[in-house]
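Thanks for coming, everyone. Please pull up the model and keep it in view while I talk.

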Amino acid sequence: MESTHLLSGSKKRVKIHPHTVTAKYATQAPHSPQPGIHTHFPQPGDEGYDDAPSFEDFGSFLEETSDKKRLTESKKWPMTLFGSKDKNKDASHKLQATGGGGEGSEGGAKAVKGSGKGVGEQLASFGEASVSASRFTWLGLFCAALAHGCLIVLTRLAVERFSLGPLFLLLVRSIVQLLSVAIPLYRGQNPFGPEGYRLRLLCYGIAYSLSLCCAYSSLTFVSPGDGTTTWRLATTALSATLAFLLLEERLGLADGITTAAGLCGLGLLLLPTTDESYSDSPIDPVAFWKGAFGWSLSALAGLWMALALVGYRSLKDRVGMGTALFTVSWTGCLLTPATLVLLQEGWSWPMSAPAWGLILGLVACSVAAFLGMTHALTRLHPALVSASQSLEIPIAMLLHLAVFPVAPTAPEVVGNVMVVLSVGWLVAMKLLPSRGGGRRQREEYEEILESPIK
């Protein structure tokens, strides 16, 4: 899209692109009936009329102006905590890749111009590619939730059947995951991250390891079900808040309502049972404060995990998943022994082959869950990633019923159903085609192509 006008005796030629605006100047000025200012917009058939962006550029333009990017420059804070420079670098990289809207966009416009059928074909191909990538991401998130559910049950089995301490399990898990250093070394990358992002990567690893230390420590004071539910609820709620405050990324209205419904379901799971509510026995002060400390550790674990998710979201494609896993592993090897000493948890060593097999299963599940979540963070909002992992609670409940046949209470059933429905609705909104949305985007796209003002 171009427009030319006369300003101070020179010809200014402006080319508008979804990501940038470029200007070219010439010494010759067109004839103007009004002295001083002349405005001319190319008409169909004139030079510059066909310099319209292709539908791929238009799709990325719509994505940039979607509800998660609606904070205008006037409403943005002067400086964000994470990556204000990185966004500018990303924009420059995109500009270089697209060539500044030159011949590539002109060719795309010529391919589209002519009939509505070409627009529809490009619309369909763009939608299919987007849905395919989204399906892979959500499949990874579902596998991560399944791994998290298995991790909860295996941890409980290790603690109750083999008398292994939760922090000892975390320490062994971190030591075994140090083998992930082979991934960045094989790719010729620095295991401690690229230059310029190492401090941020270190903060991410410390936050993630502190979250795991707090979560595993809380299992000594509260039940695994209550600790995990509190951890997930706090992570989802705080990641939505911190992503908006630190990255200026906010949830859309539909995503926010669906996530809030899932949080309500998690809240129902935390309601006390009938025996706990109407118990007439006196409350032991020591037991009360131990329980309060355990709940506080679970909430603190949610805060650290939310910071970790937002931190990796700011890094995105600059740090690979192997490097991130190694960072979490070596920081965990440093922080877990310190937590063991601080809480004075007893040291127990597995003495049987089934115990070691259980530990290896814990490591495999933790790696699978980490990779699924980390990959999704490069594409989705941190709150949506955490909300999708709420499926770990219903999965753990089903697996727990298979191992420990105990009938769940009514609030637990209703809460788990709400969690499943909220995540299912969230996935349906992201993957199922929206006819109304596609029609609206196509109408906007055709309106720009047919407009005489280019």
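When I say helix or strand, I mean runs assigned by DSSP: at least four residues for a helix, at least two for a strand. And keep in mind that this is a predicted model.

With that in hand, take residues 136-159. The chain there is 100% helix and 0% strand. The end C-alpha atoms of that stretch lie 34 Å apart. Now residues 324-343. Again we get 100% helix and 0% strand, with 27 Å between the end C-alpha atoms. Why pick these two? UniProt, in an unreviewed entry, lists both under "transmembrane region", along with 165-187, 199-219, 254-272, 292-312 and 355-378.

Next, helix H11, residues 285-315. How far should its 31 residues span? At 1.5 Å a residue, the expected value is 45 Å, and the end C-alpha atoms are 45 Å apart, so the two agree. Just after H11 comes Lys-316, with a positive phi of about 50°.

H11 has partners. Let's start with H8, residues 224-246. The axes of H8 and H11 are 7 Å apart, at an angle of about 40°. That makes H8 oblique to H11. The crossing is right-handed. On the H8 side, the contact includes Trp-231, Leu-238 and Leu-242. On the H11 side, look for Trp-295, Leu-303 and Met-305, among others. By class, this contact has 15 nonpolar, 6 polar and 1 charged residues.

The second partner is H7, residues 198-218. Is H7 roughly parallel or roughly antiparallel to H11? The angle is about 155°, with the axes 8 Å apart. Angles over 145 degrees count as roughly antiparallel, and therefore that is what we call H7 and H11. H7 passes H11 in a left-handed crossing. Among the H7 residues in this contact are Tyr-204, Tyr-208 and Ser-211. They belong to a set that meets H11 residues including Leu-297, Trp-304 and Tyr-312. The split here is 16 nonpolar, 6 polar and 1 charged.

One general point helps when you read such lists. An α-helix has 3.6 residues a turn, so residues three or four places apart point the same way.

Last pair. H7 also meets H5, residues 166-176. Their axes come within 8 Å and cross at roughly 145°. From H5 we have Pro-166, Leu-167, Leu-170 and Arg-173. From H7 we have Leu-212, Cys-213, Tyr-216 and Ser-217. That gives 6 nonpolar, 1 polar and 1 charged.

That's my tour. Questions, please.

Key. Residues numbered from 1 in each chain as written. Predicted model: local features only at pLDDT ≥ 70, side-chain atom pairs only at ≥ 80, totals over all residues. Heavy atoms only, no water. Expected span 1.5 Å × (residues − 1). Axes fitted to C-alpha atoms, helices over the stretch in contact; angles between N-to-C directions. Parallel < 35°, antiparallel > 145°, perpendicular 65-115°, else oblique. Left-handed = near helix turned anticlockwise from the far one by under 90°. Contact = heavy atoms within 4.5 Å. Nonpolar A, V, L, I, M, F, W, Y, C, P; charged D, E, K, R; others polar. UniProt positions renumbered as here; feature names shortened; annotations may be inferred.
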